[in-house]
Amino acid sequence: MTTSDIRGLRTSFTREEYVSDEHFAREMESVYGSTWCFAGLSQELTHVGDRLVAEVGSESILIVRNREGELRAYYNVCQHRGSQLCDESGSGHGAAITCPYHAWSYSLDGKLVSAIHHAKEDFDRECIALTSVRVDEWQGCIFVCLSETAPSLIDSLEHLYSAPRSLERFDLGSLVRAHHTVDEAQCNWKVLAENYSECLHCSVVHPEFCDLVPVYKTGRTIESDREDWAARLKTGASAISFDATSSLPMIPGMTEPLVYGAFVYPNMLIDVMPTCVALTRYVPRSASHTTVHTDYLFPKETLEDPSVDLTPTLSFNDLVNQQDIAVSERVQRGVSSKSFVRAHHTGMEKYAQQFVKRYRTDVN
Ligand code: FES
Ligand SMILES: [Fe+2]
């Protein structure tokens, strides 16, 4: 932990670390370029040839499902003259990956298979292939890693301070995406991650959420008498929703109405709720801009019931999301002041402090 000159406080990030584009470029390399990053859902790529584009740090990555049903990931760059292959909105499908510039075409395994106006013998096609990136899947979530030397995905998750593997008991991979939101947050990704990692703000910013989860009123995220890092819903409530007594089916592994949360460094939030799971993905754009994607997943049986109305659940969660983004944008405006030197954490912000500590192993 990083001690502060101020008794009882720990240091967090400096003004420069929140606002400098030079620092941003450095951390895109040393954080997003060195570890596994959440890139999307496996269920977005169910068929051979399905594809999606994920921005990871300063790179655009193309992820496809190949003929063997396995995931493959490549830098989204044609080997002819470097055109980007697929647009960022490039989820789609195709038996091959064809460049929109001169139509060189690559197999789903990244090999160059055709180049119009050229006979096979014109040049040595076997020497040309898309550049691969490590890709793996955990609980239905796709992760990519730009580093060749980082530990495996499962090792990385196993050793992460927020213990995301403890959430495997909820069988996240069995849940089905019902809704997706995209927000453009005018703030640094670390401001969002710190905000997620503490609940000192909850009683001030999230009155509706605190009404449903009483421990949040106290500034704590989990209950001290529980070892499983959970928080109980108030008596009588069964869902994080404007319809708190909702009878939606519980997710697998949920035996009583509880909430769990984990920040999966560097860019993923997992919110496990009684009837729904929200998976959030940060895409940092600049020092002061982050795109926030949120997927809402439910048990299959919930979505198969035509009488179910998801609106109260989705709109409640979106309210909390917008409250968090609004305060994070307020922080970004504040830390941009020349008067601001660095942020601090109190002893009650220990998860935010763990985030800083993990970050310092990548950036110092
Ligand atoms: S740059 Fe892709 S085919 Fe020419
Ligand atoms: Fe919050």
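Where is the place of Ala163? Keep that one in mind while you look around; this is a predicted model, and here are some notes on it.

1. **Ala163 and Asp171.** Ala163 sits in the loop between helix 3 (153–158) and strand 12 (176–185). What's odd about this residue is its backbone: phi is positive, about 50 degrees, although Ala163 is not a glycine. Ala163 is partly exposed, with 27% relative accessibility. Now look at Asp171, which lies in the loop between helix 3 and strand 12. Asp171 has a positive phi near 50 degrees, and it is a residue other than glycine. At 37% relative accessibility, Asp171 counts as partly exposed.

2. **Gln139 meets that loop.** Find Gln139 in the loop between strand 10 (132–138) and strand 11 (141–145). Its side chain reaches over to the backbone nitrogen of Leu172, at 2.9 Å. Leaving aside neighbours within four places in sequence, Gln139 is in contact with Leu167, Glu168, Asp171, Leu172 and Gly173. So that you can place Asp171 again: this is the residue with the positive phi.

3. **Two domains.** The protein is divided into domain 1 (1–31 + 163–364) and domain 2 (36–149). Notice that domain 1 is written as two stretches of sequence. The C-alpha centres of the two domains lie 31 Å apart. Where they meet, 25 residues of domain 1 are in contact with 18 residues of domain 2.

4. **The cores.** Which residues touch the most other members of the largest nonpolar core? They are Ile63, Phe143, Val144, Ile270, Val272 and Leu279, out of 68 residues in that core. Both domains feed into this core, with at least three residues from each of domain 1 and domain 2. There is also a second, separate core of 24 residues, with Val215, Ile240, Tyr296 and Val320 among them. As background, nonpolar side chains tend to be buried together in soluble globular proteins.

5. **A closer look at Ile63.** Try clicking on Ile63 and listing what it touches. Not counting residues up to four places away in sequence, its contacts include Ala39, Leu45, Leu52, Ala54, Leu71, Val135, Ile142 and Val144. Charged residues turn up as well: Asp50, Arg51 and Arg72 are touched by Ile63.

6. **The disulfide.** How many disulfides does a search of the whole structure find? Just one. The disulfide joins Cys199 and Cys202, with the sulfur atoms 2.1 Å apart. The torsion about the S-S bond is about -110 degrees, so this disulfide is left-handed. Both Cys199 and Cys202 are buried.

7. **Cysteines without a partner.** Cys86 is in no disulfide, and the nearest cysteine sulfur, that of Cys99, is 9.1 Å away. Cys86 is buried, with a relative accessible area of 9%. Why does Cys127 not bond to the closest cysteine, Cys78? Because their sulfur atoms are 15 Å apart, which is too far for a bond. Is Cys127 buried or exposed? Cys127 is exposed, with a relative accessible area of 63%.

8. **Ser197.** Ser197 is in the loop between helix 4 (189–196) and helix 5 (202–205). A polar atom of its side chain lies 2.7 Å from the backbone oxygen of Ala193. Ser197 is buried, at 7% relative accessible area. Not counting residues up to four places away in sequence, Ser197 touches Phe263, Tyr351 and Ala352.

9. **Aromatic rings.** A search of the whole structure turns up 16 aromatic pairs. One of them is Trp104 with Phe123, a stacked pair at 5.3 Å centre to centre with 15 degrees between the planes. Trp104 lies in the loop between strand 7 (97–98) and strand 8 (105–106), and Phe123 in the loop between strand 9 (112–114) and strand 10, so the pair ties together parts that are 19 residues apart in sequence. Trp104 counts as buried at 9% relative accessibility, whereas Phe123 is partly exposed at 23%.

10. **A ring cluster and a cis bond.** Ring pairs also link Phe13, Tyr18, Tyr32, Trp189, Phe263, Tyr265, Phe355 and Tyr359 into a cluster. Tyr265 is worth a second look: the peptide bond from Tyr265 to Pro266 is cis, with omega near 5 degrees. Pro266 is found in the loop between strand 14 (258–264) and strand 15 (268–272).

Methods. Residues are numbered from 1 along each chain as its sequence is written. Chains are lettered from A and ligands numbered from 1 in the order in which they are written. This is a predicted model: local features need pLDDT of at least 70, side-chain atom pairs count only at pLDDT 80 or more; totals for chains, interfaces and linings use all residues. Side-chain values use heavy atoms; hydrogens and water are left out. A nonpolar core is a set of buried Ala, Val, Leu, Ile, Met, Phe, Trp, Tyr and Cys residues joined through side-chain atoms within 4.5 Å. Buried means under 20% relative accessible area, exposed over 50%, partly exposed in between (1.4 Å probe, protein chains only). Domain bounds come from an automatic or database domain assignment. Contact means heavy atoms within 4.5 Å. A disulfide is a pair of cysteine sulfur atoms within 2.5 Å. Helices (H or I, at least four residues) and strands (E, at least two) are DSSP runs, numbered from the N terminus. A polar contact is a pair of N or O atoms within 3.5 Å; within protein, one must be able to donate a hydrogen and the other to accept it, and residues adjacent in sequence count only if both atoms are side-chain atoms. Rings of Phe, Tyr and Trp (its six-membered ring) pair if their centres lie within 6.5 Å; planes under 30 degrees apart count as stacked, over 60 as edge-to-face and the rest as tilted.
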